[in-house]
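Hi,

Here is the structure I promised to pass on. Have a look at it first, and then read on for what turned up.

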Amino acid sequence: MAWFEKAVDAPVRIPAESVWVICPSCKAYIMKADWKATDKVCPRCNYHDRLGCRERVALLADTGSFTEINARVGVRDPLKFKDASGAYADKAKATAEKLGVGEAILTGTATLDTIPIVLGVMDFKFLGGSLGSGTGERIRLAAEEALRLKRPLILVTASGGARMHEGIVSLMQMAKTCAAIARLKDAGLPYFAVLTDPTTGGVSASYAMVGDLNIAEPKALIGFAGRRVIEQTIKQKLPDDFQTAEYTLAHGFVDHIVARRDMKPFLAKMLRYAGL
């Protein structure tokens, strides 16, 4: 029987990673199309995965309304920092080229449900979303733009804290950004902080927590020092939900927890409540 001897084409194998996404929390397999449709929120356990800054802008800003500002403000290297893995300046340059963003925050003007705003979105992929001198300067300039245009400012945080490569210059950005935001409050312009996973270190100790409204995504890590450092310092076991958005809400550090799919309409509602 000749047909038993007929050569059979090898089956086409599609790599699993091109079809599925594995939820980092519950380990469920989610179709990539479904993962994208839910803006990286697991439909099984409600885990909110991290978004890049441009993904976040697309989620919040009206289509085609975002115009980047302060793009020329980039990374500074006052200490000429180097370590065993290489020069800080080289790492920052490579990261900027890879992500297409010159600093750990993307800032611009936009409309949110037709309401004119100034928007800043941090990207954790840029050196851990760390707060460097360029990051702080972009935030200061965004606040000044909001003041000039008489618009509310919304900052979306995602950060591991101050950028150690710049030493004290990085820590100075905490006071600098808060001072810029204080000018908005003096002018009666709203500032909303949206805390996403993770918001820690010097960012959580500065502009992330001084909003007229502090909003967090579900289960986002929010805190200053890490759990292990605190436990070793106080010699006590911390609660399992310590430094989650839900824990910070219960202890009065954030005002609301809002699911990603509801964030834009919620912000629009709050802006209109503020008379905008």
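Before the first finding, a word on terms: two residues are in contact when they have heavy atoms within 4.5 Å of each other. Also keep in mind that this is a predicted model.

Let's start with D62. You'll find D62 in the loop that runs between α2 (53–60) and β3 (67–69). Leaving aside residues up to four places away in sequence, D62 touches T111, L112, D113, T114 and K264. With T114 there is a polar contact too: the D62 side chain comes to 2.7 Å from the backbone nitrogen of T114. Is D62 buried or exposed? It is buried, because its relative accessible area is 16% and buried means under 20%.

Next, the open space. The largest pocket holds about 170 Å³. Its lining is made up of S204, M209, I222, G223, F224, F242, Q243, Y247, T248 and F253. Sorted by class, that gives six nonpolar and four polar residues, with no charged ones in the pocket lining.

Then there's the enclosed space. How many cavities of 30 Å³ or more does the structure hold? Just one, and the volume of the largest cavity is about 40 Å³. Around the largest cavity you'll see H48, D49, R50, L51, R56, A158, T196, D197, E217 and R260. Six residues of the cavity lining are charged, two are polar and two are nonpolar. So when you flip between the two linings, look for charged residues around the cavity and for none around the pocket.

Cheers

Notes: Residues numbered from 1 in each chain as written. Predicted model: local features only at pLDDT ≥ 70, side-chain atom pairs only at ≥ 80, totals over all residues. Heavy atoms only, no water. Helix = DSSP H or I, 4+ residues; strand = E, 2+ residues; numbered from the N terminus. Buried < 20%, exposed > 50% of the residue type's maximum accessible area, 1.4 Å probe, protein only. Polar contact = N/O pair within 3.5 Å; in protein donor to acceptor, adjacent residues only side chain to side chain. 1 Å grid on protein atoms, 1.4 Å probe; cavity = no way out; pocket = protein on both sides within 12 Å on 5 of 7 lines; lining within 4 Å. Points joined across faces, edges and corners; volume = space filled by probe spheres on them. Nonpolar A, V, L, I, M, F, W, Y, C, P; charged D, E, K, R; others polar.
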